[in-house]
Amino acid sequence: MEPSAEPNWEPLPATIAPMLATSGGGLPTDDARWGYEFKWDGVRAVVHVDGGRARATSRNGLDITASYPELANLGESVGTRAAVLDGELVAFDETGRTDFGLLQQRMKLTGAAVRRLMATVPVVYLAFDLLHLDGRSTLALPYAERRSLLESLELSGASWQVPPHFPGNGAAVLSASQSRGFEGIMAKRLDSAYLPGKRSEAWRKLKNIRRQELVIGGWTHGEGGRSGNLGSLLVGHYDDDGSLQYAGHVGTGFTQKTLRDLISRLEPLARTASPFDNDVPRPHAAKAAWVEPELVCEVEFTEWTREGRLRHPSYKGLRFDKPAGDVKREPG
């Protein structure tokens, strides 16, 4: 967009780090002061749209535009306007639910490889916030006003949408998310400003299904039907003091393709000693192949045990959009 003669005109910022939410805490008691959205199971992306072109960056600031060619026409849809959007890149399963496992197939691919998968694993960008519009930062505006401006853009296409937003009545939105099998909801205070890169109590994650990002510190070789393959991942999270705490082993949720991909990524990270600062139970430690704690994965589980271990964890996929050092145990 060309510079304006208006005195308060600002160019599009090169990057904006996404605002983050806190976990748990239950539905707000002052319900009328909050807006609610469904929580989407995908990859966070800030999208800059200017001059008919769209550029997407991940949560950790990496340019991921080439992996999602679907966004190309979003720039044309916005036309001569310039905007910065916040949202989630998702893949839908046959029931209409977002599926992180499907999306995994598209991550990190570019060129011919991604074009081959576009027909079978299409990706949709769900824009839920507006951070800059036509030479004006909207960060200081209340969330309710940003949503109104976002909806005025009328972004509706085969590969991008503005998902619904519900002022008040959080209990009904949460119930609807449960009945549809969604991961949960987001509660956002209607008067809250957008705080780039900050985790704020003004945004809350309320989950129906427990999920946790964890750092991979080792793996075990499979036995029986998994002989010669990966058996389980040894995972943990960082405490506030910077120590890496073992949180359990994950042995389910893998496909054969996933197992092959994980081994190819883990073997180059091999190290001789455990990266965890607490003890790993002997049955797992004795069989472990330790790795540098660089890869982050997401798991689904039922609860935390008193010992700080995951109960019934299932692997959901790798997270390339979060540095390992930022992974901490979420409350609840």
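A cavity, on a 1 Å grid over the protein atoms alone, is a set of points where a 1.4 Å probe fits but cannot get out, and its lining residues have an atom within 4 Å of a point. The structure described here is a predicted model, and this report begins with its enclosed space before turning to its pockets, strands and cores.

## The enclosed cavity

The count comes to one cavity of 30 Å³ or more. The largest cavity holds about 490 Å³ of space. Its lining is made up of 28 residues, and those closest to the centre are Lys 39, Arg 44, Arg 59, Glu 88 and Lys 205. At least two lining residues come from each of β1, β2 (34-38), β10, β11 and β12. Strand β11 gives the most, with four residues. By residue class, the lining of the largest cavity divides into 18 charged, eight nonpolar and two polar residues.

## The open pockets

The largest pocket contains about 720 Å³ of space. It is lined by 31 residues, of which Phe 100, Gly 101, Leu 102, Gln 104 and Lys 316 are the closest to its centre. The elements α2, α6 (256-266) and β19 (314-318) each supply at least two residues of this lining.

In the second largest pocket there is about 390 Å³ of space. The lining consists of 21 residues, and Leu 20, Ala 21, Arg 199, Lys 322 and Asp 326 are the closest to the centre. Both β1 (20-23) and β12 (210-221) supply at least two residues of the lining of the second largest pocket. The largest share, four residues, comes from β1.

The table sets out the volume and the make-up of the lining for each of these spaces.

| Space | Volume | Nonpolar lining | Polar lining | Charged lining |
|---|---|---|---|---|
| Largest pocket | about 720 Å³ | nine residues | nine residues | 13 residues |
| Second largest pocket | about 390 Å³ | seven residues | five residues | nine residues |
| Largest cavity | about 490 Å³ | eight residues | two residues | 18 residues |

## An open sheet of five strands

Strands of a sheet pair through backbone hydrogen bonds, either parallel or antiparallel. In this model, five strands form an open sheet in the order β1-β11-β10-β2-β9, and the pairing is mixed. Strands β1 and β9 (166-167) stand at the edges with a single partner strand each, so one side of each has no neighbour in the sheet.

Within this sheet, β10 (residues 184-189) and β11 (residues 199-207) pair in the antiparallel sense over five bridges. Ile 185 stands opposite Leu 206 in β11.

The edge strand β1 includes Ser 23. Ser 23 has a relative accessibility of 16% and therefore counts as buried, because the term applies under 20% relative accessible area. Its side chain makes a polar contact of 3.0 Å with the side chain of Glu 330.

The loop between β1 and β2 holds Gly 25. Gly 25 is exposed, with a relative accessible area of 75%. The C-alpha atoms of Gly 25 and Arg 204 are separated by 7.8 Å, although the two residues are 179 residues apart along the chain.

## Strand β16 and its partners

Strand β16 (residues 296-301) has five buried residues out of six, so the rest of the structure largely encloses it. It pairs with β12 in the antiparallel sense over six bridges, and in this pairing Val 215 stands opposite Val 296 in β16. Strands β16 and β19 also run antiparallel, joined by four bridges. Here the bridge partner of Val 299 is Tyr 315 in β19.

## The nonpolar cores

The largest nonpolar core has 29 residues, and Leu 71, Leu 74, Leu 85 and Tyr 125 touch the most other members. Two or more residues of this core come from each of β3 (43-50), β4 (53-58), α1 (72-78), β5 (83-90), α2 (100-104) and β6 (124-133). Apart from it lies another core of 23 residues, including Leu 230, Leu 262, Val 299 and Phe 301.

Several elements recur across these features. Helix α2 gives two or more residues to the largest nonpolar core and supplies at least two residues to the lining of the largest pocket. Strand β1 supplies at least two residues to the lining of the largest cavity and four to that of the second largest pocket. Val 299 belongs to the core of 23 residues and is bridged to Tyr 315 in β19.

Conventions
Residues numbered from 1 in each chain as written. Predicted model: local features only at pLDDT ≥ 70, side-chain atom pairs only at ≥ 80, totals over all residues. Heavy atoms only, no water. Core = buried A, V, L, I, M, F, W, Y, C linked by side-chain atoms within 4.5 Å. Buried < 20%, exposed > 50% of the residue type's maximum accessible area, 1.4 Å probe, protein only. 1 Å grid on protein atoms, 1.4 Å probe; cavity = no way out; pocket = protein on both sides within 12 Å on 5 of 7 lines; lining within 4 Å. Points joined across faces, edges and corners; volume = space filled by probe spheres on them. Nonpolar A, V, L, I, M, F, W, Y, C, P; charged D, E, K, R; others polar. Pairing = 2+ DSSP bridges. Polar contact = N/O pair within 3.5 Å; in protein donor to acceptor, adjacent residues only side chain to side chain.
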